[in-house]
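Let's take a walk through this structure together, from the whole chain down to single residues. Keep the 3D view open as you read.

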Number of protein chains: 2
Amino acid sequence: MDISHLLTPHSQQMESSLVRELLHYSQQSDILSLAGGLPDEAVMPAYPALNLLNDSRQYGASEGEGSLRKSIVSILAERGLVSSADNILVTNGSQQGLDLISRLILDSDSTILTEQPTYLAACQVFKLQGAHVQDVVSDEQGMCITALREAIDKYQPKAVYLIPNFQNPAGHCYSLERRKQIAALLDEKDILLIEDDPYRDLCYENVDLTPITTLIKSAPWLYMGSFSKVLWPGLRVGYTVSCGAFTPHLTKIKQAADLHTNRLGQNMIEYFLESGQYPEHVKKLRVVYKEKCDRMTGALNKYLNGVVEFTPPTGGMFFWVKLPEGVSSMLVLDEALKEKILVLPGVPFFPCKNPLEDSYLRLSFARVSPAEIDRAISILSSVIRRLMP
Amino acid sequence: MDISHLLTPHSQQMESSLVRELLHYSQQSDILSLAGGLPDEAVMPAYPALNLLNDSRQYGASEGEGSLRKSIVSILAERGLVSSADNILVTNGSQQGLDLISRLILDSDSTILTEQPTYLAACQVFKLQGAHVQDVVSDEQGMCITALREAIDKYQPKAVYLIPNFQNPAGHCYSLERRKQIAALLDEKDILLIEDDPYRDLCYENVDLTPITTLIKSAPWLYMGSFSKVLWPGLRVGYTVSCGAFTPHLTKIKQAADLHTNRLGQNMIEYFLESGQYPEHVKKLRVVYKEKCDRMTGALNKYLNGVVEFTPPTGGMFFWVKLPEGVSSMLVLDEALKEKILVLPGVPFFPCKNPLEDSYLRLSFARVSPAEIDRAISILSSVIRRLMP
């Protein structure tokens, strides 16, 4: 049945995500996947006892559970971000926060600026609203300040979307100096900051993690956090906090979208936070992931030294690996898959056409064992070398 | 901080839901609420044992859990609706199904036809897409066929949105004859049917419940179901099934919106369905709710005979009560609240201006006890009589 006449223009243009296309491979037991952004189940705590949670069966508040919102205020305070429970909106993962924000501020007359490269599912929601997504040159200290100023002047954007800590996919962590420069520029130009911070707890080195939001003096801001990378992604619980004026608008859209976030998941997380186990759990996560991160650095140096370029990340889940000239990331995907190794080409992370878009791989170390990392990179090395011109 | 320049035109126009405004009253312990559409916690089963459910911690599929989708296929087959797991999308309650469908097909160039009155949160999502929502005269057998034909010819709508079973708010259940006429007309005009069916299991009389979807021969269709009225609304699990061509598009929007529905809730429901307790549970629900429904009929006849007009519903949760001429439903709300009784005025259920929009109350009997029903209607009676001109 042809239904194309029923779809809106933006729905028709929506591209299928490469990640989604690849997902079914990662579910095959003989495939070793470096492709997803999935945390390691082995370090997820068991769910709290259920008899406590039977009071989450009824409909709940659109804003989220009051007790969880108070705990989030405390978590944010530790990051230097002063907020109140009234300005916290609990969402189905921070992905829904992005979606609700997009629906609130973006339409086909809007431009939003992003890093280059950036999180592909953010581009999806921005484009679904018909917005123009413009990337801005970024280096290892973060989005370049001159390029950002030029882009603001040229495009008069509605907002700037940033992932300052252990960026997805590039792995960068912004320097404090760059954070300050960006905050000052957004204040000067009165441009909305959308700060996405899901990876900050997965920190393996002593780096600055100051939310840019806390450095802003007068510009509007929205900040998103998630429990998916440190606790249970299957529960779909994240949150958005804002400078206040956004709260009633976001809550109305949340209510229209799905009434509220599942209460059982919210209460599971709240019980875990309240139990006092959270800080110890995060410490443990850092030890486990740092070992895997170091192992991937070692494997890339051992098997692909001088062939690929990369900077070991100081946190997060991803290596952003530049392939040798003339080697296509899409071809690497195909050839590696034949040997049961799944990698993610960098292509979908570039919102705008870019001559280098086919030159990167995003490799995740989070869900594979140290031994598997070694084996995967060794196979990947032979694939890449075979494809070199 | 003024952020109005940042909001899209449709976001700016979005009205706050009266239901949401009233929600904080219903949380006060001394208020007796007939306002919400909340099921009775007393008849919700306890959650299944949690040790079985720890495998739902990781990220999951955007389409939903495979096992649950198969169970939904069986549930739909009992309704005469032949489908396959591939065409089932699990959503955060059926509300999210409505939202995803709206985002797929509606924009500011679209018209969607609804019953008069209709579910207010459906209008919210339709209007958030900028669509024109046009209601069509409906009687106790359902949407009037002549009016529907005229509206289709006049507005060339993208779709028709119907709640044929125990409609919210009017409580009507469509006759089989009307179902057949509507299906034939939609086939003739090739208009998309969006059929919303959350209340069908709450059936207290022997009435026809044939999904209009199953009577359609060639027109496109989408059908939504929910577990919120019969199991645990706090889990936010519903589903959308479609004629197939919609599936890949809806799944892409679902993925962009929030990646997937919380897996713990999906698995809770799947374990309950698999346990074989579902048919017995539904039987029990019908007994409990039928008693309350009868009690409300009795109380309305006892205290408001000849003053208000209503037809006792044959299922669902709601009485749609017409007030005496000259009595404003908004005033009844205010005055009844002073006596700690919360009712829902019919105003927000009319998508288009209507001379009768302030003349109805929606009264829910689901969450109050039989004795409370009696007390509430007795107080309501004195309020209404006091306001009569």
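What follows starts with one chain, moves on to the pair, and then turns to helices and loops.

Please bear in mind throughout that this is a predicted model. Chain A is a good place to begin, with its 13 helices and 13 strands. The C-alpha atoms of chain A fill a box of roughly 55 × 55 × 55 Å along the principal axes. How does the radius of gyration of chain A agree with that of a compact globule? For 389 residues, such a globule would have a radius of gyration near 21 Å, and chain A has 21 Å, so the two agree. Burial can be read alongside that value: 65% of the 389 residues of chain A count as buried. The contacts tell us about sequence distance as well. Among contacts in chain A with a separation of 6 or more, 76% join residues 24 or more positions apart. As for the outside, chain A exposes about 13,800 Å², and carbon and sulfur atoms supply 49% of that area.

Now bring in the second chain. In general, two copies of a chain are related by a rotation about an axis and a shift along it. Here, a rotation of 180° with 0.0 Å of shift along its axis superposes chain B on chain A, with an RMSD of 0.0 Å. The two copies are therefore related as by a two-fold rotation axis. If you would like to find that axis in the view, look for Leu50(B): of the residues of chain B, Leu50(B) comes closest to the axis, with its C-alpha at 3.1 Å.

How many residues does the contact take from each chain? The answer is 77 from chain B and 77 from chain A. Together the chains bury about 6,500 Å² between them, 59% of it on carbon and sulfur atoms. Three residues deserve a look here, as Leu6(B), Arg57(B) and Tyr59(B) supply 12% of the area that chain B buries against chain A, more than any other three residues. Do the copies meet through the same surface or through different ones? Of the interface residues of chain B, 100% are also interface residues in chain A, so the copies meet through the same surface.

Let us turn to two helices, starting with H13 of chain A. This helix runs over residues 370-387, and at 1.5 Å a residue its 18 residues should span 26 Å; the end C-alpha atoms are 26 Å apart, which agrees. An α-helix has 3.6 residues a turn, so residues three or four places apart point the same way. With that in mind, try picking out the buried residues of H13(A), among them Pro370(A), Ile373(A), Ile377(A), Leu380(A) and Ile384(A). Their cover includes strand E1 (32-33), helix H11 (278-304), helix H12 (329-338), strand E11 (341-342) and strand E13 (360-364) of chain A.

In chain B, look at helix H11, residues 278-304. Its 27 residues reach 38 Å from the first C-alpha to the last, close to the 39 Å expected at 1.5 Å a residue. The buried residues of H11(B) include Tyr278(B), Val282(B), Leu285(B), Tyr289(B), Cys293(B), Met296(B) and Leu300(B). Helix H10 (263-274), strand E10 (318-322), E13 and helix H13 (370-387) of chain B are part of what covers them. After H11(B) comes Gly306(B), with a positive phi near 80°.

Finally, some details in the loops. Two cis peptide bonds are worth a visit in chain A. One runs from Gln116(A) to Pro117(A), with omega near 0°, and Pro117(A) sits in the loop between strand E3 (111-116) and helix H5 (120-128). Another runs from Asn168(A) to Pro169(A), with omega near 15°; Pro169(A) belongs to the loop between strand E6 (159-162) and helix H7 (176-189).

Positive phi values also turn up in residues other than glycine. Asp190(A) has a phi of about 55° and lies in the loop between H7 and strand E7 (192-196) of chain A. With a relative accessible area of 42%, Asp190(A) is partly exposed. In chain B, phi of Lys340(B) is near 65°, in the loop between helix H12 (329-338) and strand E11 (341-342). Lys340(B) counts as partly exposed too, at 37% relative accessibility.

Our last stop is Ser359(B), in the loop between strand E12 (344-345) and strand E13 (360-364) of chain B. Is Ser359(B) buried or exposed? Its relative accessibility is 16%, so Ser359(B) counts as buried. Leaving aside residues up to four places away in sequence, Ser359(B) touches Val321(B), Lys322(B), Leu323(B) and Ser329(B).

Definitions and conventions: Residues numbered from 1 in each chain as written. Chains lettered and ligands numbered in written order. Predicted model: local features only at pLDDT ≥ 70, side-chain atom pairs only at ≥ 80, totals over all residues. Heavy atoms only, no water. Helix = DSSP H or I, 4+ residues; strand = E, 2+ residues; numbered from the N terminus. Expected span 1.5 Å × (residues − 1). Buried < 20%, exposed > 50% of the residue type's maximum accessible area, 1.4 Å probe, protein only. Contact = heavy atoms within 4.5 Å. Least-squares fit on C-alpha atoms with pLDDT ≥ 70 in both. Rg over C-alpha atoms; globule rule 2.2 N^0.38 Å. Areas by Shrake-Rupley, 256 points an atom, 1.4 Å probe, with all protein chains shown as cover. Buried area = accessible area lost by both parts, 1.4 Å probe.
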